[in-house]
Amino acid sequence: MEVLKFGGTSVANSENIQKVISILQAKSKNKNLVVVVSALGGVTDTLLQVGERANAKDETYKVILKEVKDRHLRTANELGLPYDALEKLQGLLQELSTIVQGIYLINEFSNKTRDKVLGFGEVLSSYMIAEALQQKVPSSQLKDSRELIVTDSHFTQAQLIEDKTTKNIQKFFKSSKAKVTLMPGFVARNEVGDSTTLGRGGSDYTAAILAAVLNASVLEIWTDVSGMFTANPKWVKQAFPIEKLSYQEAMELSHFGAKVLYPPTIRPVLEQKIPILIKNTFDPDAPGTFVHEDRYTSNGPVKGISHLPDIALLTLEGNGMVGIPGISRRLFDALSSEKVNVILITQASSEHSICVGIKSGDVATAVQAMNNEFAYEMSLGTIDPVISEDDLAIISVVGDGLKDYQGISGKMFSSLGKNNVNIRAIAQGASERNISAVIAQKDVKKALNTLHYRFFERQVKTLNLFVVGVGNVGHRLLAQIKQQQEYLYENLFLNLRVVGLSNSRKMVFAEEGIDLSTWESQLQDGETKSEEAWQQRIKDLNLRNSVFVDITANYDVAKSYAFYLKESIAIVACNKIACSSQLSEYKELKELSRKYNASFLFETNVGAGLPIINTLKNLINSGDRITSIQAVLSGSLNFVFNNFSSENTFYDVVKQAQDEGYTEPDPRIDLSGVDVARKILILARESGNEIDMEDIENVSFLPKASLEADSVDDFYKTLETEALHFDELYKKANSQGKRLKYVAQFNNGKASVGLQEVAQDSPFYNLDGKDNIVLFYTERYADQPLIIKGAGAGADVTASGLFGDIISLGKK
């Protein structure tokens, strides 16, 4: 014999009830079944509302009661119940109405009456389902659980009288010939015949009692999910059903938030070692979760991750606690006397403090009880007043095998730490069946996803990108990401998601990732951008492995880097302003990066996609020391001077460079030497030197009129009016067989940038197009420098450099 229980969602309407009947019709062909059903989904809460309003003389109870009646009659008609069955159903509904009217008239809604009213939910549903089942399975019957299950008179939380209940159940089923016996859950009677209920999870309890007494082969609990999941699938998209669990693991997961089972109600089957199978009414072919006494460790030590929301921490501490016996007893007695349930306990080995986790709703009561209990010690100053912290949650890793595996705690806490999830308290039982941590409520989703990834998923790392700037480089980067997403996933186990995108006017967010095929239209239709709103949305999303990608040359964006680093959000930037700002600001960003474990990468600050900064870091990290740097660091200026000749004008070449994306949006930044000065400044700082922009000698080749131009348009006009100045620069160099190159140098702690005439024997002479070249002279590369050469400007290569930094974060 098998016992099956169907919950409220499984019997919420006629369509769902037909699914239940189909399941029973198929299963009853091979075995006898006892079936326990709950009330139609939500009806129990509605009946409670009806009773409370009637008791309060609120006549709106009639409206709600009518909705209850209409729902049941509608369901019965949809199920095709015969006329006599409908008449009996109306009689039950009339009986309910009479009781509720009595509540209204005499203002009496005691626990005894409450049980009578709430029990109607299961009585009504079981009658309808039994009548509908009779049409498909003629050898089925309805049996009122109240005739078999006997309890005491502790209404709303009635306790089972086991011997009488066992005798009744055994006697009835010994003579029963039905293939399917359908019974209402939740309801029972006391020894004098008054209706009682079995409390929270009462239908599960009814099924467990029957399964235990009848020694069923299995207790099947049918619900709206395909078993117990590795995590809440509403919070963790990658969560999946757990195939097998031990009783203890199932209890732990249920205690910490998994709502499929309510531990106290299934005690009878645990004692008889009857397995439990959790199945999905809406996907009956899914295997579900099998719960038994055996341990199953084949799938690893961790079976699930769960959490309890709405937790508060109370801390009692003081020197007067050290070495004093009975402090803990007094604390827990005080809480117990106020019926405050303690969910988590942790105590320092110094005995200086005790910390307990309770439900948030109990904080005021608990704090008062503890302060009252230790009022004398507090008056002496030996114990401090109770400290309470709210808006917390408990997150737990559960599995029988935790104690047999080393490093589970380390993996758990390091993963949380890397994602800026602060742990307020830790608890672990001696059985090591669960490891629990108290964290901020706002971090729950991130923590669940972080731990699920760490313990259950193929180690595909997801990076959540927030991209600012969608100009030439931004367009190319998004195109490159779209092109390579599948490759990165399959070969590098890296999942890149652009979850936030903005320009100076609009912003758009999508937690599961913006469709990069339509990002332009999405951004155009996005919400109005403000820096405050942009940052708040990123903070509210609170996604693990978040990366801020700055593809602007904007001063305000660069000034916002500290915000991201403090939120443990990595930064990838081609914006040079931050790293070339005041030395104190540069050092602060570096320190924040270390403190909050948030990478700060800016390879494209120098040389676009060339591996200049990474190479420099490798030299320094390996113990080498930079003695000199010589470089052509502006692909823009190199393009300009390589294409400038007697056959064209300087204006035309600069305009061409801007049109092809080689210069900054404001070409004055490139031609003034400021951009090159920033780059040599960054290289000098990354070499370990403390230097500011004012320390760099910048010898400008631009005439005074160009330097003083108020706008980009005015600047271009000066390039035409001052054409003779630029022609002379070219003629002078060309007449000597030399070429013009804009060179940056760093020697002996001093840096300079300026236009130079380089001879044919210079490594800079044959530098073509938009190429950059850097010569690193070091203690190891003293005679022949380490040379890095290649394209140093252009949207594609700059985007490629940014992409490289992003990918490197995925490997970290």
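**How the helices pack**

Visitor: Where do the axes of H7 and H8 come within 10 Å, and at what angle do they cross?

Guide: In this predicted model, helix H7 (residues 162–175) and helix H8 (residues 202–213) have axes that come within 10 Å and cross at roughly 70°.

Visitor: Why is H7 called roughly perpendicular to H8?

Guide: Angles of 65 to 115 degrees count as roughly perpendicular, and the crossing is at roughly 70°, so H7 gets that label relative to H8. The crossing is right-handed, too.

Visitor: What makes the contact of H7 with H8?

Guide: Thr165, Thr166, Ile169, Gln170 and Phe173 come from H7, while H8 brings Ile209, Leu210 and Val213. That's five nonpolar, three polar and no charged.

Visitor: And what makes H14 oblique to H15?

Guide: The axes of H14 (residues 408–418) and H15 (residues 444–455) come within 9 Å and cross at roughly 135°. Roughly perpendicular stops at 115 and roughly antiparallel needs over 145, so H14 ends up oblique to H15. On the H14 side you'll find Ile408, Lys411, Met412, Ser415 and Leu416, meeting Ala447, Thr450, Leu451, Arg454 and Phe455 of H15. Those residues divide into six nonpolar, two polar and two charged.

Visitor: How do you know that the buried residues of H12 line one face of the helix?

Guide: They are Val363, Ala366, Val367, Ala369 and Met370. Look down the axis of H12 and they fall within an arc of 165°, so they line one face. The face turned away from them carries the exposed Ala364, Gln368 and Asn372.

Visitor: What covers the buried residues of H12?

Guide: The cover includes strands E12, E14 and E15, plus helices H11 and H13.

Definitions and conventions. Residues numbered from 1 in each chain as written. Predicted model: local features only at pLDDT ≥ 70, side-chain atom pairs only at ≥ 80, totals over all residues. Heavy atoms only, no water. Buried < 20%, exposed > 50% of the residue type's maximum accessible area, 1.4 Å probe, protein only. Helix = DSSP H or I, 4+ residues; strand = E, 2+ residues; numbered from the N terminus. Arc of directions from axis to C-beta. Contact = heavy atoms within 4.5 Å. Axes fitted to C-alpha atoms, helices over the stretch in contact; angles between N-to-C directions. Parallel < 35°, antiparallel > 145°, perpendicular 65-115°, else oblique. Nonpolar A, V, L, I, M, F, W, Y, C, P; charged D, E, K, R; others polar. Left-handed = near helix turned anticlockwise from the far one by under 90°.
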